Amino acid sequence: MNVTTVRLTRMQMLQYPFSAETRAVTQNMAKDLGSLIGLLDTDQYEPVVDEAERRIIAAIDQSEIQLVNSNDDRDFLISPTSRLVVEKIGDPRLREYQAEAESKTVNKHLDAEKDEVVMHLCQSSFGWQIESTGKPVDRARLPVWLRSFDFRMRFENFLEVAPGFHQPPWKLVNRFLDAGWIPVQSLELKRLMSGKYKQLILNSTLKVPTLPARLTEAVQRVETEFRRKARVTEPVKITETVVSAFPPCIAQMHDDSIQGKNLPHEARFTLAAFLLKIGMSQDEVLGVFRSSPDFVTDLARYQIRHISSKSGGQGYTPPGCKKIQGNGLCPVYLGVTFDPLCEYIIHPLAFYKTRAWEMLKGIENRSWYATKKRKKQSLS
Ligand code: SF4
């Protein structure tokens with residue numbers, strides 16, 4: 001299938017704000033954040049700000065985002081403007097609402113797309129390596145259980161998103177893997193794409209400067225509406241983003257393991273004991289270690305079972321910070337990274353509980369550590 005011949009329609013470009021084509025159009029209109037803010041401060045762009053506000057309010061209400069297609073290129077600036085407003089407010093809960101609503105809307109549009117468009121978007125927007133498995137008739141030669149897969153994708157692309165989904169089919173341990181390729185069904189691939197878009201929004205590092213009056217008013221209106229509705233709206237449940245509550249030491253071990261690096265014994269034990277303690281199943285933990293170069297399923301399963309069954313089924317408790325630091329596995333102690341919470345806890349599980357609670361409550365200002373708790377360790 002020749003994906004280079006795919007040309008997105010105007011409507012498709014509006015449906016997929018992450019696409020290379022849409023980004024090219026928006027960059028042509030506003031080459032950077034400063035140019036976008038300059039345009040939005042003019043009368044001609046007032047409808048863009050209004051529509052961006054409506055888009056965010058729909059996300060807060062957890063309803064479907066309605067696209068505006070008025071045959072005017074200003075329509076392409078509605079999505080980046082809504083992102084700009086949310087980033088200016090800087091509330092992680094609001095960002096969660098936006099990421100959830102935007103990715104659900106993308107998923108709905110992808111549902112109706114042809115395979116060549118899906119492949120084109122994967123390749124040109126995310127740089128993923130995807131191959132078609134051919135028409136159903138061509139797949140008749142494959143073993144029966146492989147025939148339902150429409151595509152295959154590189155396992156490293158799969159792992160960019162799938163570890164955030166907790167159902168068993170997303171675990172690498174439950175997938176067929178052949179020379180680095182994983183067969184995926186069309187619906188699964190679309191779920192991974194919308195998940196990737198959600199990730200891009202959640203991990204945004206957009207730094208929004210001081211805004212002119214017109215935009216500041218829009219930000220204030222959205223913020224007021226959000227605070228009013230947030231009191232009566234269910235918080236977005238922490239599910240896929242739970243990994244972002246990991247302390248730096250565990251995050252490092254987890255990333256290394258998923259990427260197939262060989263972890264030293266102490267790191268494997270710490271990571272496995274930690275993941276089991278926060279409620280991951282033995283199979284899920286096994287999946288985290290599956291990419292290790294020396295992975296042997298039976299042995300790894302045995303070790304994980306052993307760690308989880310210790311102390312009458314309570315399982316081993318992972319080592320505390322002091323031990324992790326002594327083993328050279330604490331990136332904060334080594335000066336590679338920094339997190340202020342690490343100064344106030346002495347155990348990675350305490351970090352995780354506190355950070356997950358902060359995420360649920362939407363707390364970004366961490367000055368409360370210093371006021372509510374005594375500093376427990378010095379990492380300098
Ligand atoms: S201080 Fe403790 S929780 Fe923080 S990274 Fe180091 S070992 Fe992990």
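By class, how many nonpolar, polar and charged residues does the shell around the ligand have? I would like to start there, and I should say at once that what we are looking at is a predicted model. The shell has 11 nonpolar residues and 1 polar residue, and there are no charged residues in it.

Let me name them, so that you can find them on the screen. Surrounding the ligand are P247, P248, C249, C321, I324, Q325, C330, V332, Y333, C342, P348 and F351. Three elements give two or more residues each to this shell, namely α11, which covers 248-258, α15, which covers 321-326, and α16, which covers 348-361. The largest share comes from α15, with 3 residues.

Staying with α11 for a moment, its buried residues are P248, C249, I250, M253, S257 and I258, and P248 and C249 also appear in the list around the ligand. After α11 comes G260, which has a positive phi, near 85°.

Now to the sheet. The strands form an open sheet of 3, in the order β1-β2-β3, and the pairing is antiparallel. Because β1 (130-132) and β3 (181-184) each have a single partner strand, they stand at the edges, and one side of each is left without a neighbour in the sheet. From one strand to the next, the twist averages 25°. If we look at the pairing of β1 with β2, where β2 covers residues 151-154, we find the two strands running antiparallel and joined by 3 bridges; I130, for instance, has M153 in β2 as its bridge partner.

Next, a pair of helices. Helix α6, residues 92-110, packs against helix α9, residues 186-202, at an angle of about 155°, and their axes are 8 Å apart. Since angles over 145 degrees count as roughly antiparallel, the two helices, α6 and α9, are therefore roughly antiparallel to each other. As for handedness, the crossing in which α6 passes α9 is right-handed.

Finally, a residue from the start of the chain listing. V6 is found in the segment before α1, the helix that covers 10-15. Is V6 buried, exposed or partly exposed? With 18 other C-beta atoms within 10 Å, V6 is partly exposed, because a residue needs 20 or more to be buried and 12 or fewer to be exposed. If we take V6 together with Q314, the two are 308 residues apart in sequence, and in space they are 55 Å apart, C-alpha to C-alpha.

Note on methods: Residues are numbered from 1 along each chain as its sequence is written. This is a predicted model: local features need pLDDT of at least 70, side-chain atom pairs count only at pLDDT 80 or more; totals for chains, interfaces and linings use all residues. A residue is near a molecule or strand if its C-beta atom, placed from the backbone, lies within 6 Å of it. Helices (H or I, at least four residues) and strands (E, at least two) are DSSP runs, numbered from the N terminus. Ala, Val, Leu, Ile, Met, Phe, Trp, Tyr, Cys and Pro count as nonpolar, Asp, Glu, Lys and Arg as charged, and the others, Gly among them, as polar. Two strands pair if DSSP finds at least two bridges between them. Axes are lines fitted to C-alpha atoms, for helices over the stretch in contact, and angles run from 0 to 180 degrees between N-to-C directions. Angles under 35 degrees count as roughly parallel, over 145 as roughly antiparallel, 65 to 115 as roughly perpendicular and the rest as oblique. A crossing is left-handed if the near helix is turned anticlockwise from the far one by less than a right angle, and right-handed if clockwise.
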